[in-house]
Amino acid sequence: MDILNEFSNVFWSTHIWLPPNTTWADIAPGSRPDVVHANYKDLIWPIPFAAVVMLVRYTLERFWISPVGKSLGIRSSRPKKAANVPILEKTYGKSTRLDKKKLVPLSKQTDMSEREIERWWRLRRAQDKPSTLVKFCENTWRCIYYLYSFIFGVIVLWDKPWFWDVKSCWYGYPHQSISNDIWWYYMISMSFYWSLTGTQFFDVKRKDFWQMFIHHMVTLLLMSLSWVCNLHRVGSLVLVVHDCADIFLEAAKLTKYAKYQKLCDAIFAIFTVVWIVTRLGFYPRIIYSSSVEAPRILPMFPAYYIFNSLLLMLLVLHVIWTYMILKIVVDSLQKGLMSGDIRSSDSEDLTDSSGNARLTNGSARSKNKSNSSAPSDKGSVGGAGSRAGARAATTERREE
């Protein structure tokens, strides 16, 4: 017990977390009659609140979003199940990717041709992927939350001086009051990110799964540190800047699943502009203030550098995602349509130009042979999901 107390005292040393000549008692709640300091104990609230957020999400998806999706004709069924072949199931359980070197041994063990094994593998992979309706529900929920969070954030910050002048984040630090609206803005935002961290393992698996997991954890760490160190002003700015572009990203995806292609392309174009303006425009302005302007106003301390390093980590993620977005834009301009998703629905490649071309030609040839079809969704935001549907359709035609 003494070791834990000693470690806690060392870890939470005022020399690390607070400006010079400042103690934890100086920023404790009630330490000054004119300032309402943040209470670190409040950080426990987002965890039970996260359960409420997940309950709200489940209720909306079950009783509102899902019925709306079905009324739009979005398919809730999954592709046809693969036959039960124990040897193939065991191999698939070890790795979902088919190693070409294993085709010959598997063919001998199962008495199936290599082509039949490849077809079984495609069906088995498609079987594990979520239905279009599931993806529609997830993206609609995120769109609703980001829209609410951005509007609420703007309303909360509209009368705050640091919303219009970033340098105001540093004036009077660390004795800056927490108002009730800022308290709720922080708690609800942290609740949402806690809920995402938990449900991410059950939601649609995306290509950037670990990037998003790191993003959520860094965001929660940033918010927690900013709360403990009374840096809520700059933290609130980071929150509102991040929510804006996500509205259009999720809206583009759900319109894609609803097959409103032109609307999807228009929203994606708006998203690209808003993303670049907020993530590579406004956000770097915040980092400039924390890196250049803050040292001119405040005496520096170690926690400041930790906080600023985490902000820079988020900027690196923004640059990576911006590259992916621009790559999709360039591909779409070359082809005349959207060909991918910056957050792929599965672990496959972002785009597959040659595969889409073969699919288009193959579909044209098979129109007279079969009336059956699956949602192609090719050439739009969420291209990985479209390839899954296309492959399922191709497999069904082969079987016929």
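Reader: What makes the pairing of the K160 and D181 side chains a salt bridge?

Author: The side chains of K160 and D181 meet at 3.0 Å, N to O. A salt bridge is a side-chain nitrogen of Lys or Arg within 4 Å of a carboxyl oxygen of Asp or Glu, so the pair qualifies. This is a predicted model, in which local features need pLDDT of at least 70 and side-chain atom pairs count only at pLDDT 80 or more, while totals for chains, interfaces and linings use all residues. Residues are numbered from 1 along each chain as its sequence is written, and side-chain values use heavy atoms, with hydrogens and water left out.

Reader: Why is K160 called buried or exposed, and what is D181 called?

Author: Buried means under 20% relative accessible area, exposed over 50%, and partly exposed in between (1.4 Å probe, protein chains only). K160 has a relative accessibility of 10% and therefore counts as buried, whereas D181, at 26%, is partly exposed. D159, K160 and D181 are linked in a network of salt bridges.

Reader: What makes the salt bridge of D246 and R279 a tie between separate parts of the chain?

Author: Their side chains meet at 3.3 Å, N to O. D246 lies in helix 11 and R279 in helix 12, so the pair ties together parts that are 33 residues apart in sequence. Helices here are DSSP runs (H or I, at least four residues), as are strands (E, at least two), numbered from the N terminus. D246 is buried at 12% relative accessibility, and R279 is buried at 2%.

Reader: How many helical turns separate E138 and R142?

Author: E138 and R142 are four residues apart in helix 7, which means that about one helical turn separates them. An α-helix has 3.6 residues a turn, so residues three or four places apart point the same way. The E138 and R142 side chains form a salt bridge (3.3 Å, N to O), and both residues are buried. A search of the whole structure finds seven salt bridges.

Reader: How do you know what span is expected of helix 3?

Author: The expected span is 1.5 Å times one less than the number of residues. Helix 3 (residues 46–71) has 26 residues, and its 35 Å from first C-alpha to last is close to the 38 Å expected.

Reader: Where does helix 3 bend, and how is the bend defined?

Author: Helix 3 bends by about 45° at E61. That value is the angle between axes fitted to the seven residues ending at E61 and the seven starting there. E61 is also one of the buried residues of helix 3, which include P46, R57 and G69. These buried residues pack against helix 7 (132–157) and helix 9 (180–199). Helix 3 is followed by G73, whose phi is positive, near 85°.

Reader: Why is T197 called buried or exposed, and what does T197 touch?

Author: T197, in helix 9, has a relative accessibility of 10% and therefore counts as buried. Contact means heavy atoms within 4.5 Å. Beyond its neighbours within four places in sequence, T197 is in contact with F213, H216, M217 and L220. S189 is also found in helix 9 and is buried, at 2% relative accessibility. Not counting residues up to four places away, S189 touches Y145, S149, M223 and L239.

Reader: What is P295 called on the basis of its relative accessibility?

Author: P295 stands at 34%, and therefore counts as partly exposed. P295 belongs to helix 12 (residues 261–297) and, apart from neighbours within four places in sequence, is in contact with S290, M300 and Y304. The C-alpha atoms of P295 and W170 are separated by 9.2 Å, although the two are 125 residues apart along the chain.

Reader: Which residues make the nonpolar surface patch?

Author: W64, V68, L72, Y260 and L263 make a nonpolar patch of about 460 Å². Y260, in the loop between helix 11 (232–257) and helix 12, is partly exposed at 44%. Patch residues must have over 30% relative accessible area and no salt bridge (like charges are joined within 9 Å, nonpolar side chains, namely Val, Leu, Ile, Met, Phe, Trp and Tyr, within 5 Å); the value for Y260 therefore meets the area requirement.

Reader: How many helices and strands does the protein have, and what share of its residues is buried?

Author: The secondary structure comes to 15 helices and zero strands, and buried residues make up 50% of the 400 residues. Among contacts between residues at least 6 apart in sequence, 78% join residues at least 24 apart.

Notes
Accessible areas come from the Shrake-Rupley method with a 1.4 Å probe; for residues, only the protein chains shown count as cover.
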